[in-house]
Amino acid sequence: MEHKLEGLGDWRRTHTCGELDAVDAGQTITLMGWVHRTRDHGGVLFIDLRDRYGMTQVVFHPETGGKEQLERASHLGNEFVIAIRGVVSARPAEAVNATLSTGKIEVDARELKILSACEPLPFQVNEEHMLASEDLRLKYRYLDLRRADLSQLMALRHNAAMTARKFLSSQSFLEIETPLLVKQTPEGARDYVVPSRVHNGKFYALPQSPQLYKQTLMIAGMDRYFQLARCLRDEDLRADRQPEHTQIDLEMSFVTEDDVFATVEGLFAALWKECLGVTVQTPFLRMTYDQAMRTYGSDKPDLRFGFEFIDVTEISAQSPRNVIANGAKAPGGVAVAIRIPGGSEISGTQLRKYEDTVKGAGAGGLTFFKVQAADREKQQVIFPDALLDQFYTKVGALEGDAVVFTNGPWERTCKALGVLRSQIGAAELEKRGLNGKTGNEQEWRFLWVREFPLFEYNEDAKRWEPKHHMFTMPNPEHLEYLESDPGKVYAQLYDLVLNGNELGSGSVRIHRPDIQERVMKVMGLTHEQAHEKFGFLLEAYQYASPPHAGIGLGLDRIIMLMGGRDSIRDVIAFPKTASAASLMDGCPSVVDDDVTKELGIRFV
Ligand code: ASP
C-alpha cells in the first residue's frame, strides 16, 4: 500500500509521548512518534504512540476525526513515524492505565501526518517478553534501542555521567582529554595498533587507559584530573568485557589512599542518590587483600551473604589422616572451613558437586561433615576424641548444620573454597529473591580491598609481573625486598568492589624515577628498554613530581549494576559481540588495496 508521506510543514510537537496528564484534558496538542501498536475496536482505532519519553494512547473516532483519517490510520504499520493533532480527553475511571505515566488520558485524533513509513520489521519492537535473538537485535541496534527497556538505560547512563561530572567539578577536578593515538606501551592487555601513513612502518596504539597521561598531568601541576575515558584493549573477550569500555578515570596530587577513598565514596554517594534515590553508607568497609582472600577466598567478595571461612589449620594439623593434616602442616599451608546452617539436609549428590567445584578450582579435595549424631563415628576417624568437639566449637557448628573444609597452600586453597562460597551464596541470594550476580537488589555492599601484592609470578613466562600496573608504589616498609624477594612486596594498591563485582582499580603511584626503575628491573626491563617504552614519563619525573594517586572506575559495569542488568552490552549504545565484531556496521572489515598500499602494509 502506498502511503502519502508528508513533511513537518508548520507542525511542531507540543508535548512528548510521556507528558500528558489529566490536567491537560481539553487541550489541543500535537504529538510525534512511532506507532508502537494499533488495535482496531470495530470502527474505532487505537494507536499507542511512542517516543523515548513514554507512550500515549491515540484514538481515531470516525465522528470526531473523520472517516478518511480513520481509513489512513488503519493502514499504518508498526514503527511508522507519524504526527497527530488532537484533543486530550480524560479516560473514564475504569479505563485508566496505572502502569503508564499518561494512563489517565487519551488523545482524540483530529489530523494525521505520516512522516515516515517502515519496511517489514526484522523483529517486533513492541515485543517485551519474547525478545528476538541478541545477534539480530545487535544488527538492528537502532530498533532495539527504541525499546523503553534499553532507552531507559541510556538515560540512566547519561544521568550518571552528568552526576559524576558535577560532583568531581565540585571537588576542583578538571576534566581533561588525553590522546587516542598514543605510543605503544604494554599495560597488561594487548594494544590495538593504528598504522601511520606519514611515518610508514610506524604505528600508534589506542590507549588501554590514560594512565601515563594522567600521571604526566600531575607532574604538569593539574592537581586533580578526571575524564570519562575510552579505554581500548585487544583482549580475549568474556561475557562482561568489551574491546572498548569507558572509565571514570581520576588522579589527584598530594594525597594518600585515604583521600582517594573519600573522594570516590563521595562520588558513589552522589551517583546512587541522584540516579537511584538511594543513600549509601560511607565510609565503605575496607579490608586487605590477605584478609579478603583468607576470609572469602576472593579479592572481590560479595558481602550480601556470609559463609565466611573459619581457619581450622591447627585442628586439622592434628588429624591422624594425612589427607587432612599434611596440607595444613606444610609451611604456608592452611585448612579452611565453611559452616552451612541447616546443611545436613543437603543431599550426597549435591555435596559431591561441591567437591567437584573446589577440585576444579584447584584444591585437592573437600571433606564434608553433617552435624548429626549418626555421623559422629565416621567423623571421629578424622578428628578422634575431643578433637571433633574442638572442631565443631571452632566453626560454631550447630546440630543440623553441615561443615565443608579443605586444606593446602593458603592462596590456592582459599581461592578454590571461594569459588564454592560464591556458588552457595548465589543460591542463597536466589532464595532471597535477589538475582545471583547483579539483580535489582537494594542491598549495596561496597568494599575497598587494599594492600595487594605488588607482583604476581607468571609461571609460564618465568617472571614477576605487576598485579595491577608497574606505576604502583610499593609499601615503604617493603621496598627493601624489592630485588631480593618480590613476592613479599605489598603495594598501595586498591580495588573498589560492589556485590562481588570489581568496579575499579587504583593505586598510589611511584613518583620517584629511582623506585620506578627498580620496579621495572624486577619485571625484567633493562634501563634501555624502560627508557624506550616509558622514556617520557621517566624523564618527566626528573623535573619533580608531586606524590599522587588515582583510580579508574568502570563506568559500563557501574551502570550495569545500577540498572540491575547482567550484561554490559545492555548499557552501551553500540556494543560489540563476544568476538569483538560490530554486527550493525560490520566492523572489523577489509580495507581497499589503496589504503594498505598508502600505509605500506603487505599481508602475509
Ligand atoms: N589505569 C588503571 C586501569 O585502567 C587505573 C588506575 O590505576 O588508575 O586499570
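Reader: Where in the protein is Glu 451 found?
Author: Glu 451 sits in the loop between S16 and S17. Keep in mind that this is a predicted model.

Reader: And why is Glu 451 called partly exposed?
Author: Look at the value: Glu 451 has 26% relative accessibility. Buried means under 20% and exposed means over 50%, so at 26% Glu 451 falls in between and counts as partly exposed.

Reader: What makes the backbone of Glu 451 worth a look?
Author: Its phi is positive, at about 55 degrees, although Glu 451 is not a glycine. Most residues other than glycine have a negative phi.

Reader: Which value of phi does Glu 79 have?
Author: Phi of Glu 79 is near 75 degrees, again a positive value in a residue other than glycine. You'll find Glu 79 in the loop between helix H2 (67–74) and strand S4 (81–90).

Reader: Is Glu 79 buried or exposed, and how do you know?
Author: Glu 79 has a relative accessibility of 3%. The cut-off for buried is under 20%, so Glu 79 counts as buried.

Reader: What comes after Glu 451, where S17 begins the next piece? What do S17 and S18 form?
Author: S17 and S18 form a hairpin, with 4 residues between them. Lys 462 in that turn has a positive phi of about 55 degrees.

Reader: How do you know that S17 and S18 really pair?
Author: Two strands pair if there are at least two bridges between them. Strand S17 (residues 455–458) and strand S18 (residues 463–466) have 4 bridges, so they pair, and the sense is antiparallel. Within the pair, Glu 456 stands opposite Glu 465 in S18.

Reader: What about S19 and S20: how do you know that they pair?
Author: Try the rule again: at least two bridges are needed. Strand S19 (residues 493–498) and strand S20 (residues 501–508) have 6 bridges, so they count as a pair, antiparallel in sense. Across it, Leu 493 stands opposite Ser 507 in S20.

Reader: Which sheet holds S19 and S20?
Author: They belong to an open sheet of 8 strands with mixed pairing, in the order S6-S9-S10-S21-S20-S19-S16-S11.

Reader: What makes a strand of that sheet an edge strand?
Author: An edge strand pairs on one side only, and that fits strand S6 (174–175) and strand S11 (285–288). Helix H8 (residues 289–296) packs on the sheet too, touching S11 and strand S16 (446–450). The direction of H8 makes about 90 degrees with that of S11.

Reader: Which strands does helix H17 lie across?
Author: Helix H17 (residues 555–562) lies across strand S10 (244–253), S19, S20 and strand S21 (548–554), running at about 50 degrees to S21.

Reader: Why is Gly 554 called buried?
Author: Gly 554, which lies in strand S21, has a relative accessible area of 15%. That is under 20%, so Gly 554 is buried. Gly 554 touches Thr 246 and Leu 503, leaving aside residues up to four places away in sequence. The C-alpha atoms of Gly 554 and Glu 502 are 8.5 Å apart, though 52 residues separate the two along the chain.

Reader: And why is Gln 516 called buried?
Author: Gln 516, in helix H15 (residues 513–522), has a relative accessible area of 0%. Since the word applies under 20%, Gln 516 is buried. Leaving aside residues up to four places away in sequence, Gln 516 touches Met 470, Phe 471, Ile 510, Leu 538 and Tyr 541.

Reader: Which peptide bond joins Thr 282 and Pro 283, and how do you know?
Author: Check omega: it is about -5 degrees, and the bond is cis. Pro 283 is in the loop between helix H7 (257–276) and S11. The bond from Cys 587 to Pro 588 is cis as well, with omega near 5 degrees. Pro 588 is in the loop between H17 and helix H18 (593–599). As a rule, most peptide bonds are trans.

Reader: Zooming out, how many helices and strands are there in the protein?
Author: The protein has 18 helices and 21 strands. Buried residues make up 50% of its 604 residues.

Definitions and conventions:
Residues are numbered from 1 along each chain as its sequence is written. This is a predicted model: local features need pLDDT of at least 70, side-chain atom pairs count only at pLDDT 80 or more; totals for chains, interfaces and linings use all residues. Side-chain values use heavy atoms; hydrogens and water are left out. Helices (H or I, at least four residues) and strands (E, at least two) are DSSP runs, numbered from the N terminus. Contact means heavy atoms within 4.5 Å. Axes are lines fitted to C-alpha atoms, for helices over the stretch in contact, and angles run from 0 to 180 degrees between N-to-C directions. Buried means under 20% relative accessible area, exposed over 50%, partly exposed in between (1.4 Å probe, protein chains only).
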